[in-house]
Amino acid sequence: MGPLVVEAVRRSTALTIDVHLMIESPECHIADFADAGADTIAVHQEACTHLHRTIQLIREKGAKPGVALNPATPVESLQWILEDLDFILIMSVNPGFGGQKFIPSALDKVAQLKTMIREQGLPTLIQIDGGVNAGTISRISEAGVDVFVAGSAIFGSENYQQTISELKAKW
């Protein structure tokens, strides 16, 4: 989905629009997404030549910046940028397609991040994406995650509202 979809969604809601750019050279597209109405924008640090500059650009364009960490990307890689982030997106599956199984080691990353955030006294949120469903959300919540992305769990169900209520009840 691109900026045109973000723009169309923005016309329909005042809710937060969270954009996760799984693209190369995301800095070339940040202005388009921010201008279209994105409230938060996450980039993959592996895709950014100059991550700090990219984070600054997101903030300058009026969106809240975040960094997405793939399953094999260490939390320590955020050490020098953590204070500049509004959130960190932990990928608990390998990005690319929906419906994958939750990778349990993502919870170890959450614990490490919580410690780093607490030690620095930051308000940074932890978001998780991948394999979030009725069977995993309680463990994820107990680990300290603040924001949950549950795509397949909701859109693969027959009753979206019922599934959302079940997820909320378990977090």
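**Exercise 1.** How many bridges join strand β1 to β2, and do the two run parallel or antiparallel? Trace the chain between them.

*Solution.* The model is a predicted one.
Step 1. Strand β1 (residues 18-21) is joined to β2 by four bridges, and the two run parallel.
Step 2. Within this pairing, histidine 20 stands opposite alanine 42 in β2.
Step 3. On the way from β1 to β2 the chain passes through helix α2 (residues 30-36), and this β-α-β crossover is right-handed.

**Exercise 2.** Find the second neighbour of β2 and describe how the side chains of β2 are placed.

*Solution.* Step 1. Strand β3 (residues 64-69) runs parallel to β2 and is joined to it by five bridges.
Step 2. Here histidine 44 stands opposite alanine 68 in β3.
Step 3. The chain goes from β2 through helix α3 (residues 51-60) to β3, again in a right-handed β-α-β crossover.
Step 4. In a regular strand, side chains alternate between the two faces of the sheet.
Step 5. In β2, Thr40, Ala42 and His44 point one way, while Ile41 and Val43 point the other way.
Step 6. Five of the five residues of β2 (residues 40-44) are buried.

**Exercise 3.** How many salt bridges does a search of the whole structure find? Say which parts of the chain each one links.

*Solution.* Step 1. The search finds three.
Step 2. Aspartate 39 pairs with arginine 10, with the closest N and O atoms 2.5 Å apart. Aspartate 39 lies in the loop between α2 and β2 and arginine 10 in helix α1, so the salt bridge ties together parts 29 residues apart in sequence.
Step 3. Aspartate 35 meets lysine 61 at 3.3 Å, N to O. This pair links helix α2, which holds aspartate 35, to the loop between α3 and β3, which holds lysine 61, 26 residues apart. Aspartate 35 counts as exposed at 56% relative accessibility, whereas lysine 61 is partly exposed at 32%.
Step 4. Aspartate 86 meets arginine 59 at 2.5 Å, N to O. Because aspartate 86 lies in the loop between β3 and β4 and arginine 59 in helix α3, the pair ties together parts 27 residues apart in sequence.

**Exercise 4.** Is isoleucine 137 buried or exposed, and which residues does isoleucine 137 touch?

*Solution.* Step 1. Isoleucine 137 is found in helix α5 (residues 137-143).
Step 2. Its relative accessible area is 1%. Buried means under 20%, so isoleucine 137 is buried.
Step 3. Leaving aside residues up to four places away in sequence, isoleucine 137 touches Val132, Phe148, Leu167, Lys170 and Trp171.
Step 4. Isoleucine 137 and lysine 170 are 33 residues apart in sequence, yet 6.5 Å apart from C-alpha to C-alpha.

Terms used: Residues numbered from 1 in each chain as written. Predicted model: local features only at pLDDT ≥ 70, side-chain atom pairs only at ≥ 80, totals over all residues. Heavy atoms only, no water. Buried < 20%, exposed > 50% of the residue type's maximum accessible area, 1.4 Å probe, protein only. Contact = heavy atoms within 4.5 Å. Pairing = 2+ DSSP bridges. Right-handed = clockwise from strand over helix to strand, strands pointing away. Salt bridge = Lys/Arg side-chain N within 4 Å of Asp/Glu carboxyl O.
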